[in-house]
Structures are given as C-alpha cells and as structure tokens.
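Biologist: I am new to this structure and should be grateful for a close look at its aromatic pairs and at the contacts that surround them. Please present the account as one connected description.

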Amino acid sequence: MSDTMHVNGTVPPRSPHRPHTDGDRAATPQSRHGIQVTRELVHRPFADDILVTSWHRLDDAHFSLTAQWPHDHGYFTPHRGRHHLILTGETIRQAGLLLCHAELGVPLGHHFILGDLVYTTHPEHLAVGSGPTLLTIDVVCGRMRMRAGTLARGRFDMTIRKAGRIVATGHSDVTVTGPRGYQLLRGDRLTARHTPGALPAPVTPRLTGSAKGRDVLLSPAGRPDRWLLRIAPGHPAVVNPANDHIPGMVLLDAAQQAARVLTTPDAFVPYAFGTDFRRYAEHGTPCVIEARRVPSALPSTTTVQVTGLQDGDPVFVSILTALDPRG
C-alpha cells in the first residue's frame, strides 16, 4: 500500500471540514529548527489535518516528536467521548513520513509502500477535552536499510503519551521507492484517479460511528457481513486528488466501520488494531469489505477480522480487538 502525495505551492490551504479558530493560529506546527511541518512532509492535502507538530533528533535511531489531536475535527469525530480510533494510526503514519523526509534523506516526491500498521491504545487515556490533546511521541527506528544516504526500508516503533501517560504504542514498516521505480511498479495505473460517479446508498451512519452519511465508507452488499467500499466524491478527509490508488487510511477506517456494524456499534470500541497491506487498492475496481468474528487471544475481548478484496484477491487484512462491555 503506497502513501503518495504531490502538492504544488508552499502555502497550506485550510480544510473545508474544520472552522478556523484562534487556537489554530496558536498551534502552528514548528520543528526544533523553526521549520514548519507542512502538509508535504506528512502527505496530507490540508493543513488542518497535520497532527505532528515538531520533532527532535536524539541520536541516529531515536527521535522525540510532539503532536496534537483535534477535539472538533469534522471527520475524525469523537466516539463516546474518546478520540477517533484512526487518529492513532494517522499519527504513526505522519510521524514516520516526517522523519523520513526531515531526518532520513528521503526527498519529497518519493513514494512510500506501507507493509503493516499495528497499534494498541489505552482507552482510559483517550478522553476528549475542550481543546486539542497535546501528545509526545518517542520513536525508535529499526531494521533500517540506507541507500546512498536515503532510507530504502525501515521500521518505526512508537510510544505516544499524554501528560506522561501512555496513550498508545505501535509500529509501521515502510519501503521507499523513487519516482522511476514507482513508475515501473505502477505502470498504466500511475495515472489512475478517483472518478466521481453514482454513489451507492450508505449503511446507517449510527452503525458505523460516522457523523454524517458522506463519512460512511460502506454500502450494503446483500449480506450482514459484507459491504462495498464507497467514497464520497471530493470528500476532503478521504479523497486526495493526487493519489493513483485508494489511500491506506481510508481502508483502515472502512475496516473499523465494518467491525462496528458486524458487532454492537455502541459497545464495540477497539483498543488494538493491526493491518497487513497486501497490494494496492485500485480506483475503478469494486472493493468488497468482509468481516467475521475470530477467536480472541485474551479473555473478555471480542476480535473481528476485516478483509478487503478486489477481483477476489485480498488488498488488506485488519484485526481489531475490543474489551467486552461487561468483561
């Protein structure tokens, strides 16, 4: 699963799904060098979606970062007073991309192929306050393979804290390729883009934990454990016009929505989320999302496996685990 972005210009645009506030101006992302954390460095099309705010190198393999989670984001809406599950995964993704570009020699315009993204949260520390949640992130870089001073492959292990308490731990594995290698890899798919078309009816938003119907990524497919992926045209949080494939974070969000629908939406609050990306999710090809309960490794928990398929082949496999309400 590649994470790709091409943006022209240097002034980050404002996202249409969040209002401007004085708090936004006070929280302008800055690095320790006074260099702004721009949308290019974290591969987001809008400045309001930047979560990582600064970074500091400790040594060649250890870094300290800061981040903030919004309390009023138009898409990553809180659930039962807690931050949206996908914010943790998006924070890990952004932190890794920032370090690759700012500290590990990866030029802008290179492409990232995400192998897996795994994290465990501590729900009791995910409460949403009246303003942004300020975080620190400890990053350990491992299994690094450098080529001519540029990261070619590596793993980022992260510990995310709020006021000194661990909010989440996780890791991501990435492979980096240059424009020429990516062109050879993608071939004719390199110019593919999300094409607006007739949008199928959504699953009831309440069942997926979505704030609005256009945020629902699932459409009924005739079975209680199967759906079709649906993406609202021009959705600012999930559609990046530059992407030649469906972004991985969209697939993660579709997975957590499917897990909620399969179980009990209000009671299934995953604390552990692991995804293995098998291949690219292509534009223009129906993506089937299937979910099923699987045995849990721990007592008093419920585990759901979600698989995305195109042309019958797996695109990704996610495993989500939640504490049973009365466990």
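Modeller: In this predicted model, the count of aromatic pairs comes to three. One of them joins Tyr75 and Phe76 in an edge-to-face arrangement, with 5.2 Å from centre to centre and 75 degrees between the planes. Tyr75 and Phe76 are both buried. Another pair is formed by Tyr182 and Tyr280, whose ring centres are 6.5 Å apart; their planes stand at 75 degrees, so this pair is also edge-to-face. Tyr182 belongs to helix 4 (residues 179-186), whereas Tyr280 lies in the loop between strand 10 (270-277) and strand 11 (288-294), so the pair ties together parts that are 98 residues apart in sequence. Is each of these two tyrosines buried or exposed? Tyr182 has a relative accessible area of 0% and is buried. Tyr280 has a relative accessible area of 12%, and because the limit for a buried residue is under 20%, Tyr280 is buried as well.

The ring of Tyr280 has a further partner: the charged end of Arg186 sits over this ring, 4.2 Å from its centre. Arg186 is itself buried, at a relative accessible area of 6%. The side chain of Arg186 also meets that of Asp244 in a salt bridge, with 3.4 Å from N to O. Since Asp244 is in the loop between strand 9 (226-229) and helix 6 (248-262) and Arg186 is in helix 4, this salt bridge ties together parts 58 residues apart in sequence. Asp244 counts as buried, with 3% relative accessibility. Arg186 thus takes part in two contacts, one with the ring of Tyr280 and one with the side chain of Asp244.

The salt bridge of Arg186 can be set beside others, for a search of the whole structure finds 14 salt bridges. Among them is that of Glu290 with Arg226, in which the closest N and O atoms are 2.6 Å apart. This pair links distant parts of the chain, with Glu290 in strand 11 and Arg226 in strand 9, 64 residues apart. Glu290 is partly exposed at 24% relative accessibility, and Arg226 is partly exposed at 26%. Arg161 and Asp138 form another salt bridge, their closest N and O atoms being 2.5 Å apart. Here strand 6 (residues 150-162), which holds Arg161, is linked to strand 5 (residues 133-147), which holds Asp138; the two residues are 23 apart. Finally, salt bridges connect Arg44, Asp49, Glu90 and Arg93 in a network.

Terms used
Residues are numbered from 1 along each chain as its sequence is written. This is a predicted model: local features need pLDDT of at least 70, side-chain atom pairs count only at pLDDT 80 or more; totals for chains, interfaces and linings use all residues. Side-chain values use heavy atoms; hydrogens and water are left out. Rings of Phe, Tyr and Trp (its six-membered ring) pair if their centres lie within 6.5 Å; planes under 30 degrees apart count as stacked, over 60 as edge-to-face and the rest as tilted. Buried means under 20% relative accessible area, exposed over 50%, partly exposed in between (1.4 Å probe, protein chains only). Helices (H or I, at least four residues) and strands (E, at least two) are DSSP runs, numbered from the N terminus. A charge sits over a ring if NZ of Lys or CZ of Arg is within 6 Å of the ring centre and within 35 degrees of the ring normal. A salt bridge is a side-chain nitrogen of Lys or Arg within 4 Å of a carboxyl oxygen of Asp or Glu.
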